[in-house]
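Biologist: I would like to learn how to read a model like this one. Could you walk me through it?

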Amino acid sequence: MTTDVAVEMITVVIDGFEVTVPKGTLIIRAAEKLGIQIPRFCDHPLLAPAGACRQCLVDVEINGRAFPKPQASCTIPVEPNMIVKTQLTSPVAEKAQKGIMELLLINHPLDCPVCDKGGECPLQNQAMSTGRSESRFTGVKRTFEKPINISSQVLLDRERCVLCARCTRFSEQIAGDPFITLNERGALQQVGIYEKDPFNSYFSGNTVQICPVGALTGASYRFRARPFDLVSTPTACEHCASGCALRTDVRRGKTLRRLAGDDASVNEEWNCDKGRWAFKYLSSKERVASPLVRGDDGELREASWPEAIARVASGLTGKRVGVLVGGRATVEDAYGYSKFARVTLGTNDIDFRSRPHTDEEAAFLASTAVNLKITYSDIDKADHVVLLNFEPEDESPIVFLRVYKQVRKRSLAVTTVAPFATRGSEKLNANVVSTFDQVTNLTEKSVVLVGERSAEVPGLLSAIAAHTTAKIAWIPRRSGERGALAAGALGNVLPGGRPVSDAEARIDIQSAWGVDSLPTEPGLSTSEILSSLNSEGGLDAVVVGGVDPADISAEALGQLLNTFVVSLEISHSAVTAIADVVLPVAAVTEKAGSFLDWEGRERSFEQAIEGALITSRSDVRILSMIADEMAKPISLPSVTSAKKELLSLGKWDGKSAAKPAQPKSAPVSVSGNEAILTSWRQLIDLGSLQAGEENLAGTARKAVAVISAKRAQSIGVANGDLVKISNERGSISIEAHVANISDEKVWLPRNSEGSQTIVTFGAAEGCLVTVVKA
Amino acid sequence: MSKLSPVLSAHWDEADSFTIDGYRRNGGYNAAKTALDMDADAVIQLVKDSGLRGRGGAGFPTGMKWGFIPQNDGKDHYLVVNADESEPGTCKDMPLLMANPHSLIEGIIIASYAIRANYAFIYLRGEVVHVYRRVQQAIQDAYAAGLLGKNINGKGFDLELVLHAGAGAYICGEETALLDSLEGFRGQPRLRPPFPAIAGLYARPTVVNNVESIASVPAIIANGVEWFQAMGTEKSKGFTLYSLSGHVKNPGQFEAPLGITLRELLEMAGGMRDGHELKFWTPGGSSTPMFTQEHLDVPLDYEGVGAAGSMLGTKALQIFDETTCVVRAVLRWTEFYKHESCGKCTPCREGTWWLVQALKELEAGRGTSADLDKLLDIVDNIAGRSFCALADGAASPIVSSMKHFRAEYQRHLDLGSCPFDPIASTLFAGVHS
Amino acid sequence: MSYSSENIATMDSIIARYPRKRSAIMPLLHFVQAIEGFVTSEGIELIAKKLELETAEVTAVSTFYTQYKSEPVGEYHVGVCINTLCAVMGGDEIYKSVSDHLGIGNDEVTKDGKVSLERIECNAACDYAPVVMVNWEFFDNQTPQSVKDLVDGARNGNPPAPTRGPKSLRTWKENSAVLAGISDGLAGEGVSAGEPSKLGLKLSKEGK
């Protein structure tokens, strides 16, 4: 990482070699620069030094004066005139390290053959490099009940623990969730939870990854594989727009685990539990295994690719077709849809927003969001961060970690525009306000993180588009949206951010694509496409790529019923159940591609699994086949070709699209037991990519209705009592949680067990409901 | 003339010595008045000039510690008194606080004024309820008398004093562990730097001093530097409390100038109990390497004890006669260190665990001479390798006993059992059936 | 067990002593023991709520310190010092005899809930060895018989007074309240100092 200020450099001598490092560098890391590996357990570059395990002892001398005892190299920064002797050159350091290793092993069980960590275990490895071949300990080893579940997804084997405190320090310092702590003391010290409160942190999996022994293991991976049987591929996370680098470990064509990858400028070395542990959908029994065509009997039957493609082509030819693109399409696939819509179908009726959306938002995306360049490093440098209808812990967890890091490090000021103070905003010491107008102290160094739910507040994105002081970033919840926007998978914007309404922009693309013309009218939005399907003179076919209609509206699925539907899907779904043709597409592990994270940064990945489902292929390739069949080719036979072509188009440098200019709507007034609904999706919920992940689901935050104390009193309920929330479409009975929320509002999780607002109420935000005691 | 110099203990024989009236009757709180009339820096200088050194074990010059506090830094400063007296053998601060708590409070007023602290804490070990009562009452009375709180003595100096009970953790006598404990965390030592003088309690400049060190300050202010310097030795000035315990005829507290010898103290204690002779003793608690008869004439000051291979420590002289099995004594101390290890670092946590097992074997007479060498090698891998000094303390009794009494360890192994009768060393030996 | 509004007010006053409220965790744990006799889950949850901490953080602290008990102790908690000096001077014999007498071991409670036993470390009264602490009050120069008498008295509701302490022995809960900083007004009771504490002073006055 580069910094703006020149850093003072210091030269030290380690084992006779000079090395020059920035001031503040710890000895252990200066040694790494020389390729000298000092053994260690508690040391972790992203955690505050602990000096606890004492494995990294070295001899240190400053200005000719030697420390009388060996020092922990993980706690001492280099200084001028420092001479360090590691185990390589100091017999004292070497004996000290061997002595510590012996002490670490006296109480360590010899269960390496059945331990998940075996084969990739720092203790095992360093016992080989630094340990004795035979133990001198003839006494009785310390034993604990093994293992204990500290959450539904993490198990703790206290016998294996070396008390390095990496896990507890991570939980406190990085995640802000000190749900696991060191308990007891001395030889009985152990990691633990409070008996009634499990380790339900959204980031708990990182502790499994950084545990230097097999003390913390993941329930889903436990006893499943040996590390040396796994093939690892660097990948990117498909769940959200945070942009985590991942490592996917595969054995015999099956993903067995995913780890956080290292990317100092994005996710550092962390990820969230959803990114780590929600991947069973990849190998689900529900995967669509071959193309399916609906027969005259109304049933889907397997078909060959040529037959299916021919059926699609005939079904779409001559029709007015809309294109719905899922929010987790790769950039390349989204580009395929974008070009397919314009070139093959001759329409701008394409939208990647399978969620509540507005025309105001489309204008904001085309005019503003598509050009944004704010990055994680702007958060690092910000004087004030505003969370605008954005709950980072739930909606982009790595953004949360980055903001939290700055809050801890330098008390970064955070304001959240939210209905109430969530656990996440409490950890950020955020000032809670209810509207953007109430945010003060914005400077050119401030960063406003605009959540996708801002679209649900009429007039807000217009205000943001017009804002000129602070830096603006738009953070969609899903991984594919920023890339789909860049690829033009939206009705009013062409690839590279070119406005559809701009003739020059169209000519750019027209000539690049070698077509005579492009549709000139901005296309329909997702909801307009859906409603048009059933209206006179409207659309009469639709291509649906990875969309769950329940995410859009209560009516969406019904709107797909009486029309020609082509579904590109990985697994059987509500859409495949009614589709005329189902085309199986490759999941992220089965194809190469890239996402753009919320920053607009490319997150590319290679194919991790080969030949798992031989029939599946990337969306863009399938679309290219259909286009060929329809004789309006898009000529994108591969991910690589799509990527290349999109890159060659470059970014639009002409006039931006018109900004939205929608006025604020008048506040809704409520009376009696009425309330205005507000909701968002919690990180761990009923999202389709989390299907089958029971261990993960066990750590979900409980679904509750958040109401104010005044409302609770007026309807006669206390914390934990059941309330019934209803409107004319449906109702939800759920536990009440009394908090400091506006008396007029009620908050519900948008898509959790027992609380699905869109399908129940037909809306996710802003609608009137009544709240009564259940 | 007496070799003793009771100052802190001068009035412990008065029935109301612990009350504010009793304290004032003997001139109490005059020194605070004097100090508050002085420039704060002058108070620090006076304490520096006196040569007062920390009475908690390390012997660091008290005035110098105060001088490390950055002044005019706009931050809150804190004074924290370490009353967590838990080092085995150490029993001076508890009787001092029970009989004369106001000397500490007066010292706190003076020290806080000097370092510009408006908040002070007494971290008292929790296992001494009656001492807690006495200190608590003394604080209440001092507040009532206008000696604590706002605008003390009308001099514009404010001081809040909070008494805080520990809850059973020897490690909290280590100053950074004490600060973590006082902040509401587990009492585990902190990384240094930063040192408490820069970032102590709540990350603010903090002085941590032992009870006796602070309680000694009023007498120095009242009687002057020369008076104080007239006592003691060249580099170990003044008076201090020596605590004799164990197999002496009359154990107790002896306040004397630094540099007195055990021979002199033993004489005052009436000698060893009848019919027995000195075998080994600790000069300053169990963490200080043990001495034997050879060391009867070592001057008990910081330099003298150091030169003889141990440390003055807390001047807790635990005396053991020839009926005592040194292996048993060492095992028991080792069990103590194991019990009190905070668990943070490997050598202390795992090492004390192993040492207890090893010593149990040896005490039972199981093992060979090679196991004695192994014991010393394990100790070598623990001492000087740990996060704080607790493990060094744990090593002391083992190393020093092996130095002086290796033959006795060997005798256990030769016999296959402990050669000592534990009843013979009890206070009620011969009385109790 | 529920905490009364008066209890809650006391907790608030304990918190108010400190510049930062987390510092109140130790006196609050003593206070929980004053109300409930040991550190209960209700106590942990209440402290966590009061101090805005996670329950795990409170657990981490309460399990670190040996005076905080995770199980009930007796109304009279008897600690026999078994650190080296007291052990050698008779603590081991005292412990064995009282343990046999009561039929309970370390960290155990008599069936009637009156007396519990603990092997304790050095309690800073070595010149009074062998030392026994009951509810953390000093019982100096003990013998196996004196401690048997002591626990018998305690079980009969008539425990002897501490050697250096209040005129009558207070219960575990009452003394826990003192450690939480709630004054019981008994500071004036008891001697200024025991004889060994005054020995040097006496000799000095005699010119020795």
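**Reading the model together**

Modeller: Let us start with one residue and its surroundings. Leaving aside residues up to four places away in sequence, A:Leu449 touches A:Val385, A:Val386, A:Leu387, A:Leu388, A:Phe390, A:Val399, A:Ala473 and A:Ile475. Please keep in mind that this is a predicted model.

Biologist: Which residues have the most contacts inside the largest nonpolar core?

Modeller: A:Leu449 is one of them, together with A:Val542, B:Val80, B:Val81 and B:Ile110, and that core has 420 residues. Apart from it lies another core of 22 residues, including A:Ala703, A:Val717, A:Ala736 and A:Val746.

Biologist: Now to sheets. What should I look for when strands pair?

Modeller: The general idea comes first. Strands of a sheet pair through backbone hydrogen bonds, in either a parallel or an antiparallel way. Here, five strands of chain A make an open sheet with parallel pairing, in the order β21-β20-β19-β22-β23.

Biologist: Which are the edge strands?

Modeller: They are β21 (431–433) and β23 (471–475) of chain A, each of which pairs on one side only. From one strand to the next, the twist averages 20°.

Biologist: How many bridges join β22 and β23 of chain A?

Modeller: Five bridges, in the parallel sense, with β22(A) covering residues 446–451. For a single example, find A:Val450: its bridge partner in β23(A) is A:Trp474.

Biologist: Next, burial. Is A:Ala215 buried or exposed?

Modeller: The way to judge is to count the C-beta atoms around a residue, with 20 or more within 10 Å meaning buried. A:Ala215 is buried because 28 other C-beta atoms lie within 10 Å. Its place is in the loop between α5 (205–210) and β11 (216–218) of chain A. Beyond four places in sequence, A:Ala215 touches A:Leu156, A:Asp157, A:Arg158, A:Arg160 and A:Cys161.

Biologist: And how does B:Gly365 count, with its C-beta neighbours inside 10 Å?

Modeller: B:Gly365 has 17 such neighbours, so it counts as partly exposed. This glycine also lies in a loop, between α15 and α16 (369–380) of chain B. Residues outside its own stretch of four places that are in contact with B:Gly365 are B:His412, B:Leu413, B:Leu415, B:Gly416, B:Ser417 and B:Cys418. On the other hand, B:Pro194, 171 residues away in sequence, is 47 Å from B:Gly365, C-alpha to C-alpha.

Biologist: Let us move up to whole chains. Why can I call the size of chain B what a compact globule would have?

Modeller: Compare the radius of gyration with what the length leads you to expect. For 433 residues a compact globule would have a value near 22 Å, and chain B agrees because its own is 22 Å. The C-alpha trace of chain B spans about 75 × 50 × 40 Å along its principal axes. Chain B has 17 helices and ten strands, and 64% of its residues are buried. Of the contacts in chain B with a separation of 6 or more, 72% are between residues 24 or more positions apart.

Biologist: What do the same checks give for chain C?

Modeller: Chain C has eight helices and five strands, running α-α-α-α-β-α-β-β-β-β-α-α-α from the N terminus. Its radius of gyration is 19 Å, close to the 17 Å that the globule rule gives for 208 residues, so chain C is as compact as a globular protein of that length. Of those 208 residues, 60% count as buried.

Biologist: Last topic, the interfaces. How many residues take part in the contact between chains B and C?

Modeller: A common way to give the size of an interface is the accessible area lost when the parts come together. Here we can count residues instead: 77 from chain B and 68 from chain C. On the chain B side, α7(B) gives the most, with seven residues. By class, that side has 39 nonpolar, 27 polar and eleven charged residues.

Biologist: And where chain B meets chain A, how many residues are in contact?

Modeller: There, 24 residues of chain B are in contact with 27 residues of chain A. The most on the chain B side comes from α15(B), with eight residues. The residues of that side divide into seven nonpolar, nine polar and eight charged.

How values were computed. Residues are numbered from 1 along each chain as its sequence is written. Chains are lettered from A and ligands numbered from 1 in the order in which they are written. This is a predicted model: local features need pLDDT of at least 70, side-chain atom pairs count only at pLDDT 80 or more; totals for chains, interfaces and linings use all residues. Two residues are in contact if their C-beta atoms, placed from the backbone, lie within 7 Å. Helices (H or I, at least four residues) and strands (E, at least two) are DSSP runs, numbered from the N terminus. Ala, Val, Leu, Ile, Met, Phe, Trp, Tyr, Cys and Pro count as nonpolar, Asp, Glu, Lys and Arg as charged, and the others, Gly among them, as polar. A residue is buried if 20 or more other C-beta atoms lie within 10 Å of its own, exposed if 12 or fewer, and partly exposed in between; C-beta atoms are placed from the backbone. Two strands pair if DSSP finds at least two bridges between them. Axes are lines fitted to C-alpha atoms, for helices over the stretch in contact, and angles run from 0 to 180 degrees between N-to-C directions. A nonpolar core is a set of buried Ala, Val, Leu, Ile, Met, Phe, Trp, Tyr and Cys residues joined through C-beta atoms within 7 Å. The radius of gyration is taken over C-alpha atoms; the globule rule is 2.2 Å times the number of residues to the power 0.38.
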